[in-house]
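Student: Could you take me through this model slowly, and tell me what stands behind each term that you use?

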Amino acid sequence: MTHDPTDPPAERTDRSPWNWLLLVPIVIPLLPFLYNASEPRLFGFPRFYWMQLAFVGLGVACTAVVYRMTRRTTGRKP
Amino acid sequence: MTSINWTELIVFAVLFVIVAGLGFVASSWRRPKSMHHLDEWGLGGRSFGGWVTWFLIGGDLYTAYTFVAVPALLYAVGAGGFFALPYTVTTYPIVFLVLIRLWSVSHRHGFVTPADFVRARFGSPTLALLVAITGIAATMPYIALQLIGIEAVLKAIGLTGDSFVARHLPLIIAFAILAAYTYQSGLRAPALIAFVKDTLIYVVIIAAVLYIPHQLGGWGAIFDAADHKFTAAKKGGLLLAGPSQLQYITLAFGSALALFLYPHSVTGVLASKNRDIIKRNMAALPAYSLLLGLIALLGFMAIAAGSHGVAPLAVDGKPDPNTIVPVLFDRMFPSWFAGIAFAAIGIGALVPAAIMSIAAANLFTRNIYVEYLARDATPGEQARVSKLASLVVKLGALLVILLLDPQFSIDLQLIGGVIILQTLPSVALGLFTRWFHRAGLVAGWIAGMGSGMAMLYTIPNPATHHDHFGGSAFALSKLGLPWDVPIFAGFLAVAVNLVVVVVATLIARAIKAPDGVDQTVASDYFADEGDPKLVR
């Protein structure tokens, strides 16, 4: 616990309400009752397959939003 | 299937040689002042930008073995093999806030391995040693599996000699080349090669998902053929049977937690230039998951292509399920394109194998050699030891494949997933809290390891006639619980680990056992590029 003169400023934080959005793509893909079925089919894919492939898009969207909204350069006070 | 397909072999060999050349040239890419520092050889100068990091981590996590084994699993059992998708979707949001803290504290303190962090955070060389050994033990069989990926391709090309030497010579040559350029160029080699590898993989897979279904009568027909096979065989299915759902999600979730505990994942993360690049990549890396999902479905295409003569190749009388994707490419693509596809898989093995051996070598150097053998080793000496250790690691992996049953590596890798999870409390949770006592973490590690091994020991594999270590699905009924439902053994083991960590920490605090000194301060976990590094 030694303090060093070069320590980064103490007021920085990763906290943001946007971070809660990360829970969506963690929880949704782990709920098999949503996708463990054949119908409806999409382009010949049973629901089990097309829906889980679609979760990739869900993951990208949520993570990208959190990234954009929590960038340090935009969050830093002028 | 004994004759060699020369077109495939030549295309494969030419691409392989080009890539090997790149590996050697890589040492002068973004040339550092000196390669004689572990930060340069082992972490590429900690300087990789967004694109390089995307290719590097993508090439690192989505390995040749994944591309071969996941479709083989879907071919064999159907829906259960698709766990790879929720696994690689959930992992990025899970680690989003974790990895940036790990990067910051490592940037500030110059950590190279996860065990470096544990040592400084909890002031316990013993705990760091346990984390290092766990990492090395989990990584070694993973490297060996990459060889299985290359071997599957060589078999499909027809390179199956009769004598021991003839059969294994191509593999030995491929690995010798890999070892040589990794020694020379360090992490820069896989970073540069990853561009080629991933581009080839994307091209091949996009071609495969457009071209092959067209030949087989469309996606609907492919799924119908798979459904028909599973119904007839009364094994597997297009959907999850009721009881297997818990195994599916715990395996996906447990694997997602484990992925970034692997030392080679950490190496890829620490090599990036700043926090922003890591966050951006957490949003961009799932592109590979989409690719993996499509690759997984190659398993069903192989079922539908049964009438085109697609079936696993038999080696020594036993059908080798891992050959199913290469055989599919061999039968469905023109030879020249099959050659490109094989090169994609073969080169796909080289990138992760290089990063894994670098990561394992760094663990040995930092947490065993420097800690116990040569306390005041200079950065140059550390780099030299790490380079040599990377050779030893690769030689070990090669011997494992040549001398032992490949099934042994597959079993070991399965164990690897369970044991690496046992570093979760000290490495991942340790980034957020210093509440745990070092003795508690050691006790939890022992309990998690012990219970994990005990569970895996009881799991048979009827397909290979193994009584033990035959899978990761542990039946809850074996614990005397009333449900006959399988669950991922690693998930239970890490739960045991966490409970013991908490209880043992409370006991250690109560009896006032001496705790280690935390060398990090709160603000270290937010440091970014440009913030000064601590000089110690």
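**Reading the helices and the contacts**

Tutor: Let us begin with helix α8(B), which bends by about 35 degrees at Pro170(B), the bend being the angle between axes fitted to the seven residues ending there and the seven starting there. This is a predicted model, in which local features need pLDDT of at least 70 and side-chain atom pairs count only at pLDDT 80 or more, while totals for chains, interfaces and linings use all residues. Residues are numbered from 1 along each chain as its sequence is written, and chains are lettered from A and ligands numbered from 1 in the order in which they are written.

Student: What makes a stretch such as α8(B) a helix, and how do you know that its span agrees with what is expected?

Tutor: Helices are DSSP runs of H or I with at least four residues, strands are runs of E with at least two, and both are numbered from the N terminus. The expected span is 1.5 Å times one less than the number of residues, so the 22 residues of α8(B), 164-185, should cover 32 Å, and the end C-alpha atoms are 31 Å apart, which agrees. Just after this helix, Gly186(B) takes a positive phi of about 65 degrees.

Student: Which residues of α8(B) are buried, and what covers them?

Tutor: A residue is buried if 20 or more other C-beta atoms, placed from the backbone, lie within 10 Å of its own, exposed if 12 or fewer, and partly exposed in between. The buried residues of α8(B) include Pro170(B), Phe175(B), Leu178(B) and Tyr181(B). Among the elements that cover the buried residues are α1, α7 and α9 of chain B, as well as α17 and α18 of chain B.

Student: Why is Thr88(B) called buried?

Tutor: Thr88(B), in helix α5 of chain B, has 27 C-beta neighbours inside 10 Å and therefore counts as buried. Thr88(B) is in contact with Ser289(B) and Leu292(B), once neighbours within four places in sequence are left aside, where contact requires the C-beta atoms, placed from the backbone, to lie within 7 Å. Thr88(B) and Leu290(B) are 202 residues apart in sequence, yet 9.1 Å apart in space from C-alpha to C-alpha.

Student: How do you know whether Gly339(B) is buried or exposed?

Tutor: Gly339(B), placed in helix α17 of chain B, is buried because 26 other C-beta atoms lie within 10 Å. Its contacts, leaving aside neighbours within four places in sequence, are Thr7(B), Glu8(B), Ile10(B), Val11(B) and Phe12(B).

Student: Why is α4(B) called oblique to α14(B)?

Tutor: Axes are lines fitted to C-alpha atoms, for helices over the stretch in contact, and angles run from 0 to 180 degrees between N-to-C directions. The axes of α4 (residues 64-77) and α14 (residues 286-296) of chain B come within 8 Å and cross at roughly 45 degrees. That makes α4(B) oblique to α14(B), since angles under 35 degrees count as roughly parallel, over 145 as roughly antiparallel, 65 to 115 as roughly perpendicular and the rest as oblique. Where they meet, Thr66(B), Phe67(B), Val70(B), Pro71(B) and Leu74(B) face Leu292(B), Ile295(B) and Ala296(B). By class, this contact has 7 nonpolar, 1 polar and no charged residues, with Ala, Val, Leu, Ile, Met, Phe, Trp, Tyr, Cys and Pro counted as nonpolar, Asp, Glu, Lys and Arg as charged, and the others, Gly among them, as polar.

Student: How many residues join the two chains, and which element of chain B gives the largest share?

Tutor: Chain B brings 42 residues into contact with 37 residues of chain A, and the largest share of chain B's side, 10 residues, comes from α5(B). That side divides into 30 nonpolar, 7 polar and 5 charged residues.

Student: What makes Phe43(A) and Arg46(B) worth setting side by side?

Tutor: Most residues other than glycine have a negative phi, and most peptide bonds are trans. Phe43(A), however, has a positive phi near 50 degrees, and Arg46(B) has a positive phi of about 50 degrees. Phe43(A) counts as exposed because it has 9 C-beta neighbours inside 10 Å, whereas Arg46(B) is buried because it has 21 other C-beta atoms within 10 Å. In chain A, a cis peptide bond with omega of about -5 degrees joins Glu39(A) and Pro40(A), and Pro40(A) is found in the loop between α2 and α3 of chain A.
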